[in-house]
Amino acid sequence: MFSRRLRRLTPYVPGEQPREGTYIKLNSNENPYPPCPGIQRYLAAADAGELRLYPDPVSNNLRRAIAGHYGIPADMVFVGNGSDEILSFAFYGFFDSFKGPLLFPEYTYSFYPVYCAFYDVDYRKVPLKPDFTVDLDGCIGLVETCGVIFPNPNAPTGIALTIEEIDGFLHRYPRDRVVVIDEAYIDFGGVSALSLLDRYPNLAVVHTFSKSRSLAGIRLGFAMSNPPVVRALTTVKDSFNSYPVNKLTQRIGEIALREDDYYRNVSRKIIKTRERFSSAAVSKGWEVLPSSANFVFMRKPGTTGRTIYEGLKSEGILVRHFGITGIDAFVRVTIGTDEEMDILLKAMGKKW
Ligand SMILES: *Cc1c(COP(=O)(O)O)cnc(C)c1O
């Protein structure tokens with residue numbers, strides 16, 4: 001009844017989304033704080049009549065707002081339904097196995113191999129260094145490749161590369177293959193590769209409104225790159241769904257950018273909570289990888305990640321555990337409010 005393509009698919013498994021209020025939810029890297037106040041006001045006053053017409057297919061106002069915010073021209077901005085959609089367009093439009101496999105880190109965002117299966121792209125995983133950092137040297141000269149993609153900071157480790165390391169890598173990597181840097185967590189302490197765009201025509205930086213801007217529910221992301229790369233993404237989009245980002249989402253994105261001070265404060269608060277939580281966990285005998293994200297990757301020597309996940313779930317706290325050899329001992333814990341992290345610390349003390 002179904003296509004052969006369908007049989008090849010192995011879907012991505014997102015974090016559990018239980019009924020609201022059932023658990024303290026620290027498993028999907030959502031922001032514990034609400035979106036900026038202007039968005040609440042906009043929604044309260046929104047006019048349903050606006051929805052009669054199709055949205056602007058290329059989100060021009062929003063693109064201009066993003067461009068203004070980051071100090072680049074609007075033709076260097078591409079907008080999509082969450083960065084996941086933009087990543088899928090990137091896999092379709094940039095990575096072609098006849099040139100060689102796509103490279104990404106061995107432990108990274110688990111959607112990448114899913115897109116590879118969907119678009120029939122071969123890939124090779126590059127092992128992390130012993131300290132769990134992404135090994136960009138390992139992406140050079142190994143084999144002929146069709147491109148590289150990695151998150152910075154990486155997920156689920158939370159560890160960021162420096163801009164110097166990224167620059168050094170791009171300098172040695174062929175300019176006719178696209179390098180995508182997935183900066184979903186960049187606002188929590190990393191340095192964006194945005195400043196490298198004018199030197200590397202093959203660089204694309206992908207951002208999301210889901211994490212630092214508390215808007216996971218509206219599905220909004222954007223890519224910043226040189227105009228030919230943006231045009232390539234637009235070609236893929238227009239061959240698939242030419243009106244992707246809805247009207248309300250476009251407006252809400254603009255408001256979020258205008259209220260940047262609010263979000264800077266929220267990110268600062270999350271970083272502070274992360275540092276406080278990490279020190280407390282370390283003092284209880286946990287190993288916590290140094291995070292520049294809104295989550296930490298941690299383990300308790302002598303205990304498996306699965307045991308930690310189940311133990312915390314029985315205490316009403318959801319964290320993420322990946323049953324993957326090599327990172328089996330770890331759990332990934334989203335940074336919530338101070339109160340939530342205190343409840344977690346108490347549960348950790350009680351169980352282990
Ligand atoms: C959360 C996340 C995304 C997806 O973001 P959306 O904009 O919500 O689709 C992409 N990449 C990484 C590494 C993420 O953690």
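These are my notebook entries on the ligand, the pockets, the cavity and a few backbone details of this structure.

**Entry 1: before starting**

I kept in mind that I was looking at a predicted model.

**Entry 2: the ligand and its neighbours**

I began with the ligand and asked which residues are around it. I found G82, S83, D84, Y109, D182, A184, Y185, T208, S210, K211 and R219. I counted a residue here if one of its heavy atoms lies within 4 Å of the ligand.

Next I sorted this shell by class and noted three nonpolar, four polar and four charged residues. Which helix gives the largest share of the shell? I found helix α4, which spans residues 82-94 and supplies three residues.

**Entry 3: polar atoms facing the ligand**

I then looked up distances from the ligand's oxygen atoms to polar side-chain atoms. For Y185, I noted 2.5 Å between an N or O atom of its side chain and an oxygen of the ligand. For S210, I wrote down 2.6 Å, again from a side-chain N or O atom to a ligand oxygen. For R219, I found a polar side-chain atom 2.7 Å from an oxygen atom of the ligand.

How much of the ligand does the protein bury? Taken alone, the ligand exposes 390 Å², and I saw that the protein buries 93% of that.

**Entry 4: the largest pocket**

Where does the ligand sit? I found it in the largest pocket. I noted a volume of about 600 Å³ for this pocket. It is lined by 29 residues, and the closest to its centre are Y12, S28, D84, Y109 and K211. I recognised D84, Y109 and K211 from my list of residues around the ligand.

Helix α4 turned up again, as it gives the most to the pocket lining, with three residues. I sorted the lining by class and got ten nonpolar, twelve polar and seven charged residues.

**Entry 5: the second largest pocket**

I moved on to the second largest pocket, which holds about 420 Å³ of space. I noted 20 lining residues, and those closest to the centre are E20, Y23, K25, E30 and E340. By class, I wrote down six nonpolar, nine polar and five charged residues for this lining.

**Entry 6: a closed space**

How many cavities of 30 Å³ or more does the whole structure have? My search found one. I noted about 30 Å³ as the volume of the largest cavity. Its lining is made of E183, A184, I186, D187, H207, T208 and S212. I met A184 and T208 earlier, around the ligand. By class, the cavity lining has two nonpolar, three polar and two charged residues.

**Entry 7: backbone details**

I reminded myself that most peptide bonds are trans, and that most residues other than glycine have a negative phi. With that in mind, I looked for exceptions.

I found a cis peptide bond between N152 and P153, with omega at about -5°. P153 belongs to the loop between β5 (147-151) and α6 (163-172). I found another cis bond from A155 to P156, where omega is near 5°. P156 is also placed in the loop between β5 and α6.

What is the phi of S59? I read a value near 50°, which is positive although S59 is not a glycine. I located S59 in the loop between α2 (37-45) and α3 (60-70).

Key. Residues numbered from 1 in each chain as written. Predicted model: local features only at pLDDT ≥ 70, side-chain atom pairs only at ≥ 80, totals over all residues. Heavy atoms only, no water. Polar contact = N/O pair within 3.5 Å; in protein donor to acceptor, adjacent residues only side chain to side chain. Areas by Shrake-Rupley, 256 points an atom, 1.4 Å probe, with all protein chains shown as cover. 1 Å grid on protein atoms, 1.4 Å probe; cavity = no way out; pocket = protein on both sides within 12 Å on 5 of 7 lines; lining within 4 Å. Sits in = over half its atoms within 2 Å of the grid points. Helix = DSSP H or I, 4+ residues; strand = E, 2+ residues; numbered from the N terminus. Nonpolar A, V, L, I, M, F, W, Y, C, P; charged D, E, K, R; others polar. Points joined across faces, edges and corners; volume = space filled by probe spheres on them.
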